[in-house]
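Colleague: Got a minute to look at this model with me? I'd like to talk through its pockets.

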Amino acid sequence: KLDLATGLCSPMSRLKLAAMCPLARALSNAVRVPPPRMAELVLVRHGESEGNIAHRRSLRGDHALYENPFFAQRHSSQWRLTNLGIEEAVKTGEWLRSNIDTNFDRYYVSEYVRAMETAAKLGLPDATWYSETFLRERDLGIFDLMSHAERRQKFAEELRRRERDRFFFAPPGGESLADVCLRVDRVITSLHRECAGQWRG
């Protein structure tokens, strides 16, 4: 039997096909060629941001930042690095330059401000950064600028639904983790295709 998905056939069928036509002989001797793959991928998370502080405080019961108009009226993509976050980014850049070859073929960054600030503070020589929308953080929809207390108060049923399956749960107006995986997979697939065989080891 010929498997149309892979172009492979069973041993018995191979003999019959080989006797039928040159194409069958070619298929029977075909060697599966592995798909192109990039050799190395280095990921760096952004440094501590305003949102990280708000999140930690909210978990401890302090929701003041979410009630602050200057904080709450900005989309989470506009959150800046804290002083500690800047320090973390600088130290990460120092570690990268000291421990690995930072002459990468591509430099991508999310369009979120905290990610772009982190990229700038890494201090990678000759880096040209490209903003990639698909690398943004998970969109939490209506949960985005809500304290944990407000979420529990207004969306108790949604939170119970989340506990049944966190991977496929999407907040109202937001993304599920499955959605995030799909767009990240799209980026990685593109990198495999465009950066295959560019290893400098």
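Modeller: Sure; helices (H or I, at least four residues) and strands (E, at least two) are DSSP runs, numbered from the N terminus. This is a predicted model, where local features need pLDDT of at least 70 and side-chain atom pairs 80 or more, while totals for chains, interfaces and linings use all residues. Residues are numbered from 1 along each chain as its sequence is written, and side-chain values use heavy atoms, leaving out hydrogens and water.

Colleague: Which helix gives the largest share of the largest pocket's lining?

Modeller: That's α9, with seven residues. A pocket is an open set of points on a 1 Å grid over the protein atoms alone where a 1.4 Å probe fits, with protein on both sides within 12 Å along at least five of seven lines; lining residues have an atom within 4 Å of a point.

Colleague: Which residues lie nearest its centre?

Modeller: Leu41, Val42, Leu43, Val44 and Tyr108, out of 45 lining residues. Strand β3 (108–109), α6 (113–121) and α9 (177–194) each supply at least two of the lining residues.

Colleague: And the second largest pocket, what sits closest to its centre?

Modeller: His55, Glu137, Arg138, Leu140 and Arg151, among 23 lining residues. Helices α3 and α7 each give at least two residues of that lining, and α3 has the largest share, three.

Colleague: Back to α3, then: what do its buried residues pack against?

Modeller: They pack against α4 (69–72) and α7 (148–154), with contact meaning heavy atoms within 4.5 Å. Just after α3 comes Gly61, with a positive phi near 100°.
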